[in-house]
Amino acid sequence: MTETSFTPRVFSGIQPSGNLHLGNYLGALKRFVDWQTKDVESIYCMVDLHAITVWQDPADLRQSTRELCAGFIAAGLDPEKSILINQSQVPEHAQLAWVFNCVARMGWMQRMTQWKDKAGKNTQNASLGLFAYPALMAADILVYHATHVPVGEDQKQHLELTRDIAIKFNHDYGVNFFPETEPVIEGAATRVMSLRDGSKKMSKSDPSDASRINMTDDADTIAKKIRKAKTDPEALPSEADGLEGRPEARNLVNIYAAMAEMSVDQVLADVGGKQFSEFKPMLADLAVSKMAPITTEMARLMENQDEIDKILARGADRARAITAPILSQTYDIIGMVRPVEL
Ligand code: AMP
Ligand code: TRP
């Protein structure tokens, strides 16, 4: 019943809580699309059950979930090649999460920086779901025996916890059932920063819309936000060392490199010595040429919501062929009586 080696399988998730932005695109979505060229089974998930750990208006949540699915496809994911799902249609995620709630320790959860950030000072008033969030995330991944998880830098700690849960489960039950999943945090833009403040991550919850490029922004808005992005008065350096202590400059160069699929060194070899007044229009042109077609395609896909709903239903079907047996084996391992043929 136990497995000793695991076939490579990719899983990742994004919360459908509105405002898909450039950080999500470069840190996550674009990486997913890159994985698609490799011959590995992959599952990409709109984590609606995670989204409700903080309040979501039901109509907005439904809209955001479909919009995220449209974003996945518009960015280049092929729903035939990859499995696209929303988490709540694959019940094994939540079922395995309960088991993991009983494996993970309170102390582990308390150390999570996302919990500390999101719960703020008033932890007594945060939802129990927000606290248990990482156990559900571990279940998302491990219910597929996924081996690789492409994410942005901010998810590193959650992935370490996912490994801790797998290790403790395997150890407690004396099995080698769950893999120790590898985080895949790669590329020039694993942490895209706010356009208004180079010390803050670009985030959907930043009250300033000018701080981020949304995937629904039109070409003019994208260009305007880049023009207004905070910078320093120096010219661009010719080498990466020269970005030390210049977070805003570093961020814009990283964004350029990720979008142009170049290394930071290559970009600086080209633009070193230029003023921002010259570099920003170059960046704006590049951003518009990469993002605008995605935005247009997202809008087109959103006109046919029935099609999106069918893609998600079909994805759930395919997903459950993987998750149902893994959950069933998990229940068996932990001593739950399994249904017999009647
Ligand atoms: P979220 O929107 O928080 O569900 O994040 C979805 C994915 O986008 C995760 O893989 C994050 O690590 C990634 N992500 C979110 N914000 C950023 C950012 N500012 N830079 C790079 N990746 C990000
Ligand atoms: N916690 C992730 C985020 O906020 C979203 C997420 C949920 C996820 N489950 C996952 C990412 C599983 C990767 C794998 O970005």
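Me: How many of the six residues in β1 are buried?
Reply: This is a predicted model, so local features need pLDDT of at least 70 and side-chain atom pairs count only at pLDDT 80 or more, while totals for chains, interfaces and linings use all residues. Strands (E, at least two residues) and helices (H or I, at least four) are DSSP runs numbered from the N terminus. Buried means under 20% relative accessible area, exposed means over 50%, and partly exposed is in between (1.4 Å probe, protein chains only). By that yardstick β1 is mostly covered, and its count of buried residues is five.

Me: Which strand does β1 pair with, and in what sense?
Reply: Two strands pair if DSSP finds at least two bridges between them. Strand β1, residues 9–14, has six bridges to its partner, β2, and the sense is parallel. The partner strand covers residues 41–46 and is mostly covered too, with five of its six residues buried. So, by that bridge rule, the answer is β2, in the parallel sense.

Me: Which residue in β2 stands opposite Phe 11?
Reply: Start with another rung of the pairing: Arg 9 has Glu 41 as its bridge partner in β2. For Phe 11, the residue standing opposite in β2 is Ile 43.

Me: Is Ser 12 buried or exposed?
Reply: Ser 12 sits in strand β1. Its C-alpha atom is 24 Å from that of Asp 217, which is 205 residues away along the chain. With a relative accessibility of 2%, Ser 12 counts as buried.

Me: How far apart in space are Leu 96 and Ser 328, C-alpha to C-alpha?
Reply: Leu 96 belongs to helix α4, residues 92–101, and is buried at 0% relative accessible area. Along the sequence, Leu 96 and Ser 328 are 232 residues apart. In space, their C-alpha atoms are separated by 9.8 Å.

Me: How many salt bridges does the structure hold?
Reply: A quick ground rule: a salt bridge is a side-chain nitrogen of Lys or Arg within 4 Å of a carboxyl oxygen of Asp or Glu. Side chains of opposite charge can pair when their charged atoms come close. Counted that way, the structure's total of salt bridges is 19.

Me: How many residues apart in sequence are the parts that Arg 31 and Glu 186 tie together?
Reply: The side chains of Arg 31 and Glu 186 meet in a salt bridge of 3.5 Å, N to O. Arg 31 lies in helix α1 (residues 22–36) and Glu 186 in the loop between β5 (182–184) and α9, so the pair links parts whose separation in sequence is 155 residues.

Me: Which helix do Asp 172 and Lys 168 both lie in?
Reply: The side chains of Asp 172 and Lys 168 form a salt bridge of 2.9 Å, N to O. Asp 172 is partly exposed at 41% relative accessibility, and Lys 168 is also partly exposed, at 22%. The two are four residues apart, about one turn of their helix, and that helix is α8.

Me: Is Asp 206 buried or exposed?
Reply: Asp 206 makes a salt bridge with Lys 200, at 3.7 Å from N to O. Lys 200 is partly exposed, with a relative accessible area of 41%. Asp 206, at 11% relative accessibility, counts as buried.

Me: What value does phi of Asn 19 come near?
Reply: Most residues other than glycine have a negative phi. Asn 19, partly exposed at 31% relative accessibility, lies in the loop between β1 and α1. Its phi is positive, near 55 degrees.

Me: Where does Lys 228 lie?
Reply: For bookkeeping, residues are numbered from 1 along each chain as its sequence is written, chains are lettered from A and ligands numbered from 1 in the order in which they are written, and side-chain values use heavy atoms, with hydrogens and water left out. Lys 228 is exposed, with a relative accessible area of 55%. Its place is the loop between α9 (219–227) and α10 (247–260).

Me: Which residues form a positive surface patch?
Reply: Patches are made of residues with over 30% relative accessible area and no salt bridge, joining like charges within 9 Å and nonpolar side chains (Val, Leu, Ile, Met, Phe, Trp, Tyr) within 5 Å. Lys and Arg count as positive and Asp and Glu as negative, with His and the chain ends not counted, and each charge is placed at NZ of Lys, CZ of Arg, CG of Asp or CD of Glu. Accessible areas come from the Shrake-Rupley method with a 1.4 Å probe, and for residues only the protein chains shown count as cover. The members of the positive patch are Arg 196, Lys 224, Arg 227 and Lys 228.
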